Amino acid sequence: MYSFTNDYSEGAHESILKALLESNLNQSSGYGLDEYSEKAKDILKNVLKNDKIDIHFIPGGTQVNLICISSFLKQYEAAIAADTGHIAVHETGAIEACGHKVITAMSNDGKLTVDKVEKILKIHSDEHMVKPRLVYISNSTEIGTIYKKQELIDLYTYCKEKDLLFFIDGARMGSAITSSENDLKLSDLVNLCDAFYIGGTKNGALFGEALVICNESLKKDFRYNIKQKGALLAKGRLLGIQFMELFKDNLFFDLAKHANEMATLLQDALIEENYKLLIKSPTNQIFPIMPNSHIKKLREKYSFNTWEEYDEDHTIIRLVTSWATEKERVLEFIEDLKNL
C-alpha cells in the first residue's frame, strides 16, 4: 500500500536526521533560546532580507493559527476566512474555543478577494455583532491554488485601509513558492502581510513551523502567548536545528519543488485519461473526480482521502505528493490508472 494521503506520511529528510543526531549530546538552553534556534533565525532573516522581523518556532500549524489569532484579537473580534480555510474546517473549532468567531466567505477556488472581505464588513456593521478584525488566508490554499503577488497586494492594501490584520497560513508555503505559476519571492511576504509562517512539517521536517511577525505592534510579549497555549517547546533546539538544515543549500525549495513535480505528473496523466478535476492545481494537492468503481479498485494498492461526493456515481478524491514521493510509485499509479 502506497500513500497519497498527505505530505507528512514520511519522517524527515536525512540531512535533518543527521543534524539532530550529530548535535544530540550537545547541551544547550531550553525553550528556543539555544544557539541553533538563534542561528536559524539569522538564516531566515537573511533569506527574507529583513532583520527587523520577529521569528518564533512552533511545533505545528494549528498551534500557530490558534496562538496568533487568539493573541492578535480582542475578545469581541473575529477572523475572516474562505469556507475551505483550515481554521474553519480542520482545527476542531480551535479558534472558536478561544472565543473568536470565524466568518467564512464562499469561494470556488479556495481564495479570498477584496470583494468577499468587503461584503462581510458591510454585514458586520455595529456592536451587536462580532467585529471582523483579521483576514486569514492559506498559501497554497486547502485545494491547491495559490495567490499571485498582485492578489496579496490588493488584500493587504485593503486590510490596512480598513484597519484589519492580514495573516497568511504557510503550512504549504514551500509548495506555493516553488509552483510553476508563482510570481512571488518568499522575501516579498514580509511587506505583504502582518504575519505569516513557513511550514516545515509538510516539507521535509519532522515537525515545526517558523512564524514571522512583521507588524511591530504584534511583537511585544508574544512568547507569553506561546507558553500559555502550550507550544513553547522545552527542547526548542529541535526546531532550530531543523530550520537551519531546511534553509541550507536550498533544501526547503528543492523538496517543495519535487512534491510539485510529482503532483504535476499525476495531474497531467489524469487529464490525459479524461478525468475531470475539481480545480486544476499548480501545487502538490490534486483533486480528480472519479467513478466510484475506479476509486474502489485503486484503493486496493493506494491510500488517499475522499474529498466530497460529486454525484451518485462519482466522488472527488484528494491525491497529495510530498518531498519524499517516489517517481516510480507515481508512474506505477499512472499505469494502474490507464488499466482501469
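Let's start with the overall split: the domain assignment gives domain 1 (14-249) and domain 2 (252-339), with bounds that come from an automatic or database domain assignment. Keep in mind that this is a predicted model, where local features need pLDDT of at least 70, side-chain atom pairs count only at pLDDT 80 or more, and totals for chains, interfaces and linings use all residues. Residues are numbered from 1 along each chain as its sequence is written, and side-chain values use heavy atoms, with hydrogens and water left out.

How do the two domains sit together? The centres of domain 1 and domain 2, taken over C-alpha atoms, are 27 Å apart. Their contact (heavy atoms within 4.5 Å) takes 25 residues from domain 1 and 18 residues from domain 2. About 1,800 Å² is buried between them, and carbon and sulfur atoms give 62% of that; buried area here is the accessible area (1.4 Å probe) that two parts lose on being put together, summed over both. On the domain 1 side, Ile143, Thr178 and Asn203 lose the most area to domain 2, together 28% of what that side buries.

Now for a pair of helices. Helix 2 (residues 35-47) packs with helix 10 (residues 237-246) at an angle of about 35 degrees, their axes 7 Å apart. Helices (H or I, at least four residues) and strands (E, at least two) are DSSP runs, numbered from the N terminus. The axes are lines fitted to C-alpha atoms, for helices over the stretch in contact, and angles run from 0 to 180 degrees between N-to-C directions. Tyr36, Ser37, Lys39, Ala40, Ile43 and Leu44 in helix 2 meet Arg237, Gly240, Ile241, Phe243 and Met244 in helix 10. Sorted by class, that contact has seven nonpolar, two polar and two charged residues; Ala, Val, Leu, Ile, Met, Phe, Trp, Tyr, Cys and Pro count as nonpolar, Asp, Glu, Lys and Arg as charged, and the others, Gly among them, as polar.

Two loops deserve a look as well. In the one between strand 5 (131-138) and helix 7 (149-161) you'll find Ser140, which a cis peptide bond joins to Asn139, with omega about 0 degrees. Asp163 is in the loop between helix 7 and strand 6 (165-169). Its phi is near 60 degrees, a positive value in a residue other than glycine.
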